[in-house]
Amino acid sequence: MSHLKTKALAAMRRIARASTVEVFEEKVQLLKDDKELWGQSLFKKWFEKTWLRQHKESLFSVVQYNFPYLFLV
């Protein structure tokens, strides 16, 4: 596997495993600060339009809708 592919997969795993919105945003910013990965225009476009949108929606919906129920258990 290429160096960039391995690096991209590791960054996406860290983002996907974020347990809070703050950690999620921090990990996304770390990826965006990586000039080597973020300089790849096809990866950047795919990441923002597809992967990030799906993961952001799923994380925010879990936090927004399920978090209050944690206190009831």
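Lys7 and Asp34 form a salt bridge in which the closest N and O atoms are 3.1 Å apart, a salt bridge being a side-chain nitrogen of Lys or Arg within 4 Å of a carboxyl oxygen of Asp or Glu. Lys7 lies in helix 1 (residues 3–16) and Asp34 in the loop between helix 2 (21–33) and helix 3 (35–38), so this pair ties together parts of the chain that are 27 residues apart in sequence. Helices (H or I, at least four residues) and strands (E, at least two) are DSSP runs, numbered from the N terminus. The model is predicted, and local features need pLDDT of at least 70, side-chain atom pairs count only at pLDDT 80 or more, and totals for chains, interfaces and linings use all residues. Residues are numbered from 1 along each chain as its sequence is written, and side-chain values use heavy atoms, with hydrogens and water left out.

Lys7 also has a second partner. A salt bridge joins Lys7 to Glu36, with the closest N and O atoms 2.7 Å apart. This pair again links distant parts of the chain, as Lys7 is in helix 1 and Glu36 in helix 3, 29 residues apart. The count of salt bridges comes to two, and Lys7, Asp34 and Glu36 are thereby linked in a network. As for the surroundings of these charged residues, Asp34 is buried at a relative accessible area of 18%, where buried means under 20% relative accessible area, exposed over 50%, and partly exposed in between (1.4 Å probe, protein chains only). Lys7 is partly exposed at 26%, and Glu36 is likewise partly exposed at 35%.

Turning to the overall fold, the protein chain has four helices and zero strands, and its elements run α-α-α-α from the N terminus on. Of its 73 residues, 23% count as buried. Contacts (heavy atoms within 4.5 Å) often span the sequence: among those with a separation of 6 or more, 60% come from residues 24 or more positions apart.

The nonpolar interior comes next. In soluble globular proteins, nonpolar side chains tend to be buried together. A nonpolar core is taken here as a set of buried Ala, Val, Leu, Ile, Met, Phe, Trp, Tyr and Cys residues joined through side-chain atoms within 4.5 Å. The largest such core has 14 residues, and those with the most contacts inside it are Ile15, Phe24, Leu31, Phe43 and Phe47. Helix 1, helix 2, helix 3 and helix 4 (41–70) are the elements that give two or more residues to this core. Leaving out residues up to four places away in sequence, Ile15 touches Phe24, Lys27, Val28, Leu31, Phe47 and Trp51.

Helix 1 also carries Ala8, which counts as buried at 8% relative accessibility. Beyond its neighbours within four places in sequence, Ala8 is in contact with Leu37 and Phe43. The C-alpha atoms of Ala8 and Phe43 are separated by 8.7 Å, although the two residues are 35 apart along the chain.

Helix 2 has 13 residues and reaches 18 Å from its first C-alpha to its last, close to the 18 Å expected at 1.5 Å a residue; the expected span is 1.5 Å times one less than the number of residues. Its buried residues are Val21, Phe24, Val28 and Leu31. Seen down the helix axis, these buried residues fall within an arc of 85 degrees, so they line one face of helix 2, the arc being that of the directions from the helix axis to the C-beta atoms.

Aromatic rings form a further theme. Rings of Phe, Tyr and Trp (its six-membered ring) pair if their centres lie within 6.5 Å, with planes under 30 degrees apart counted as stacked, over 60 as edge-to-face and the rest as tilted. The count comes to four aromatic pairs. One of them, Phe43 with Trp46, is tilted, at 6.3 Å centre to centre and 40 degrees between the planes. Phe43 and Trp46 are three residues apart in helix 4 and so are separated by about one helical turn. Phe43 is buried at 15%, whereas Trp46 is partly exposed at 39%. Phe47 and Trp51 form a stacked pair, at 5.2 Å centre to centre and 20 degrees between the planes. These two are four residues apart in helix 4, again about one helical turn. Phe47 counts as buried at 0% relative accessibility, and Trp51 counts as buried at 11%. Ring pairs link Trp38, Phe43, Trp46, Phe47 and Trp51 into a cluster.
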